[in-house]
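Biologist: Please take me closely through one part of this chain, beginning with the point where one of its helices ends and working outward to what surrounds it. I would like the reasoning spelled out wherever a conclusion rests on a cut-off.

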Amino acid sequence: MSTVVIIISIVAAVMAVATALFIGRGRARGGHRMKKRFGLEYDRAVTRHDGNTEAAERELGERVQRHGSLKEQPLPPEARERYLVLWARIQERFVDSPQEAAAEADALLARLAEDRGFPGGERFEEQLDALSVHHAGQVHGYRRVHMAVRGEAGTEETRDALVEARDLFDELVARRPDDSERRRHAPGRSYDNRGHAPRVLGRPDTKG
């Protein structure tokens with residue numbers, strides 16, 4: 001074998017290794033960005049794909065392609081006020097009727113998300129996928145409430161789910177920086193300094 005052929009073979013081998021390393025690093029950076037963006041949703045996708053990170057990242061990437069361009073619609077002040085009052089009533093109702101309160105919260109979140117421009121609640125999985133693209137850190141509580149309503153979750157588990165679901169509610173009902181409408185509170189309700197109803201849910205009375 002001539003010296004020229006040997007040199008060409010070495011150069012080709014080096015280039016192949018360099019290309020593989022470059023692609024591998026690119027995938028690692030892409031995976032890191034995807035995990036940072038989706039958080040717990042990334043972990044759930046990996047688990048659903050039996051640990052196959054490439055399949056999970058492909059699924060999440062498809063979510064971004066489908067829903068990344070979605071523009072959230074502004075929530076009129078009167079609608080925002082109505083949702084705040086309804087959520088406060090759900091929290092009060094939880095003390096006596098945890099399951100009914102969770103069902104109301106599930107339906108309210110679906111309706112609120114639709115009002116903000118996300119797919120309708122009758123297409124729960126699609127709505128959740130779209131929400132995960134824009135509110136990845138807050139969708140887990142909504143999923144937990146949805147599953148609690150349809151499963152056999154205990155009272156404490158349902159309570160925890162409802163408390164966590166409040167994160168998504170706050171995100172969807174939050175005022176935007178360009179919303180200059182003066183804050184108006186519903187009579188007889190206690191709100192924090194952001195116009196949110198109290199987070200604490202009372203524990204149902206235990207009767208022997």
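**The end of a helix and its surroundings**

Modeller: Directly after helix H2 comes Asp50, a residue with a positive phi of near 55 degrees. Everything I describe here comes from a predicted model, and the values are computed from its atoms. That phi is worth a pause, because most residues other than glycine have a negative phi. Asp50 is a residue other than glycine, and its phi is nevertheless positive. As for its place in the chain, Asp50 belongs to the loop that connects H2 with H3, and because its relative accessibility is 74%, it counts as exposed, the cut-off for that class being over 50%.

The helix that comes before this loop, H2, covers residues 40-48, and its buried residues are Glu41, Tyr42, Ala45 and Val46. Viewed along the axis of H2, these buried residues fall within an arc of 140 degrees, and they therefore line one face of the helix. The spacing can be read against a general rule: an α-helix has 3.6 residues a turn, so residues three or four places apart point the same way.

What does H2 pack against, and at what angle? Its partner is helix H7, residues 139-150, with the two axes 10 Å apart and an angle of about 55 degrees between them. H2 and H7 are therefore oblique to each other, because an angle of that size belongs neither with the roughly parallel pairs, under 35 degrees, nor with the roughly perpendicular ones, 65 to 115 degrees. On the H2 side the contact is made by Leu40, Glu41 and Arg44, and on the H7 side by Val139, His140 and Arg143. Sorted by class, this contact of H2 with H7 holds 2 nonpolar, 1 polar and 3 charged residues. Glu41 thus appears twice in the account, as one of the buried residues of H2 and as one of the residues that meet H7.

Further along H7 we come to His146, a residue that counts as buried because its relative accessibility is 11%, where the limit is under 20%. The side chain of His146 makes a polar contact of 3.0 Å with the side chain of Asp106. If residues up to four places away in sequence are left aside, His146 touches Asp106 and Phe124.

From H7 we can step to helix H6, residues 124-134, where Gln127 is found. The relative accessible area of Gln127 is 0%, so this residue is buried. Its side chain reaches the backbone oxygen of Pro119 at 2.8 Å. Beyond residues up to four places away in sequence, the neighbours that Gln127 touches include Ala110, Ala113, Glu114, Phe118, Gly120, Gly121 and Tyr142, as well as Pro119. Ala130 also has its place in helix H6, and it too counts as buried, because its relative accessibility is 0%. With residues up to four places away again set aside, Ala130 touches His67, Phe118 and Pro119. The C-alpha atoms of Ala130 and Arg66 lie 7.9 Å apart, although 64 residues separate the two in sequence.

Another such link through space starts from Glu72, in the loop between helix H3, residues 53-67, and helix H4, residues 77-94. Glu72 counts as partly exposed, because its relative accessibility is 26%. A polar contact of 3.1 Å joins its side chain to that of His135, and its C-alpha atom is separated by 5.3 Å from that of Arg116, 44 residues apart from it along the chain.

H4, the helix after that loop, is itself paired with helix H8, residues 155-173, their axes coming within 12 Å and crossing at roughly 170 degrees. That makes H4 roughly antiparallel to H8, since the class requires an angle over 145 degrees. Among the residues that meet are Tyr83, Leu84, Trp87 and Phe94 in H4, and Leu162, Ala165 and Phe169 in H8. By class, the contact of H4 with H8 has 9 nonpolar, 3 polar and 3 charged residues.

As a frame for these details, the chain has 8 helices and 0 strands. Buried residues amount to 38% of its 208 residues, and of the contacts with a separation of 6 or more, 65% are between residues 24 or more positions apart.

Notes
Residues numbered from 1 in each chain as written. Predicted model: local features only at pLDDT ≥ 70, side-chain atom pairs only at ≥ 80, totals over all residues. Heavy atoms only, no water. Buried < 20%, exposed > 50% of the residue type's maximum accessible area, 1.4 Å probe, protein only. Helix = DSSP H or I, 4+ residues; strand = E, 2+ residues; numbered from the N terminus. Arc of directions from axis to C-beta. Polar contact = N/O pair within 3.5 Å; in protein donor to acceptor, adjacent residues only side chain to side chain. Contact = heavy atoms within 4.5 Å. Axes fitted to C-alpha atoms, helices over the stretch in contact; angles between N-to-C directions. Nonpolar A, V, L, I, M, F, W, Y, C, P; charged D, E, K, R; others polar.
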